[in-house]
Amino acid sequence: MSKQEKAAAAASLKDWKQLRKALATLAGEQAAQRKAEEQARQQALRQAERDRELFRRAVGAVRPLPHNNHVTQDNVPPDPLPLQHWADEERVLIEAMSDEFDASTLLDTDEQLSFRRRGIGRDVVHKLRAGHWSIQRQIDLHGMRTDEAREALGNFIRQSHRQGLRCVRVVHGKGLGSPGRMPVLKGRVHSWLVQKNEVLAFVQARPAEGGAGALVVLLRPSQTNSSAVAVADALLQMQKLAQESAQMPAPDPVMEQVALWAAQLRSSRKS
């Protein structure tokens with residue numbers, strides 16, 4: 001073996017010894033760490049046992065509850081109260097129309113009995129009689145019993161007002177088919193309408209609209225009109241922008257209907 005080979009072998013042996021020494025050191029450190037962890041675990045167990053023993057001495061003789069793997073359910077909450085239903089019923093009672101109410105003293109005694117609520121000028125009655133407001137909906141009470149007519153008229157006025165209508169027609173008939181040919185519903189309808197807060201005024205219809213057998217009724221403006229007009233205007237503006245960007249020559253039929261509704265709402269709001 002040459003001197004160079006001997007020197008390389010000596011160097012390799014030296015490196016091997018250093019590696020073995022490093023491995024032994026690492027193994028010793030790991031063993032010391034495991035021993036320390038085991039000691040800590042044993043100490044924690046002894047401390048837990050001392051705590052349990054201290055608790056047993058403090059509380060005395062007790063018996064643990066059995067574990068039955070059951071979950072205790074919370075108490076079932078009570079059924080919700082129908083607050084909105086009660087409020088609606090209370091409102092119906094407040095708005096109930098009485099057959100005993102005498103509206104004759106509240107009617108204008110002209111050739112065609114009319115009604116205008118306090119604060120409403122006579123010009124409103126004149127405009128209503130002249131057809132200033134277009135009739136948007138009507139109800140026909142012909143053939144109904146008094147109770148049916150009262151309920152139908154109340155619902156009709158309430159729904160028409162909620163939908164933002166301003167002018168409606170109520171057909172009560174001339175009473176030609178009633179006993180004694182006396183109008184039964186006519187006076188009742190006058191009384192019922194006077195009791196409805198949504199009603200601002202009413203007049204006898206023109207001959208072409210039913211004459212003495214019908215009334216033209218003006219309703220208060222609905223609070224939803226302003227928001228509905230705003231929504232309609234926003235939709236129309238969106239459609240206009242879409243048409244300009246896409247260069248659409250044909251209008252959208254849905255948006256045409258929206259435009260019609262917006263025009264009607266603006267008209268009723270101005271009135």
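Accessible areas here come from the Shrake-Rupley method with a 1.4 Å probe.

**Entry 1: the surface.** I examined a predicted model. For the chain I looked up the accessible surface, which comes to about 19,700 Å². Carbon and sulfur atoms account for 56% of that surface. I then turned to burial: the chain has 271 residues, and 27% of them count as buried.

**Entry 2: the order of elements.** I noted seven helices and five strands in the chain. Along the sequence they follow the pattern α-α-β-α-β-α-β-α-β-β-α-α.

**Entry 3: contacts along the chain.** I looked up the contacts between residues at least 6 apart in sequence. Of these, 65% join residues at least 24 apart.

**Entry 4: one pair of helices.** Two packed helices are described by the angle between their axes and the distance between the axes. I therefore looked up both values for helix H4, residues 146–162, and helix H5, residues 185–195. The angle is about 40 degrees, and the axes lie 11 Å apart. Angles under 35 degrees count as roughly parallel and those from 65 to 115 as roughly perpendicular, so H4 and H5 are oblique to each other. I also recorded that H4 passes H5 in a right-handed crossing.

**Entry 5: the residues that meet.** Which residues of H4 meet residues of H5? On the H4 side I listed Thr146, Ala149, Arg150, Leu153 and Ile157. On the H5 side I listed Leu185, Arg188, Val189, Trp192 and Leu193. By class, this contact of H4 with H5 has seven nonpolar residues, one polar residue and two charged residues.

Definitions and conventions
Residues are numbered from 1 along each chain as its sequence is written. This is a predicted model: local features need pLDDT of at least 70, side-chain atom pairs count only at pLDDT 80 or more; totals for chains, interfaces and linings use all residues. Side-chain values use heavy atoms; hydrogens and water are left out. Helices (H or I, at least four residues) and strands (E, at least two) are DSSP runs, numbered from the N terminus. Buried means under 20% relative accessible area, exposed over 50%, partly exposed in between (1.4 Å probe, protein chains only). Contact means heavy atoms within 4.5 Å. Axes are lines fitted to C-alpha atoms, for helices over the stretch in contact, and angles run from 0 to 180 degrees between N-to-C directions. Angles under 35 degrees count as roughly parallel, over 145 as roughly antiparallel, 65 to 115 as roughly perpendicular and the rest as oblique. A crossing is left-handed if the near helix is turned anticlockwise from the far one by less than a right angle, and right-handed if clockwise. Ala, Val, Leu, Ile, Met, Phe, Trp, Tyr, Cys and Pro count as nonpolar, Asp, Glu, Lys and Arg as charged, and the others, Gly among them, as polar.
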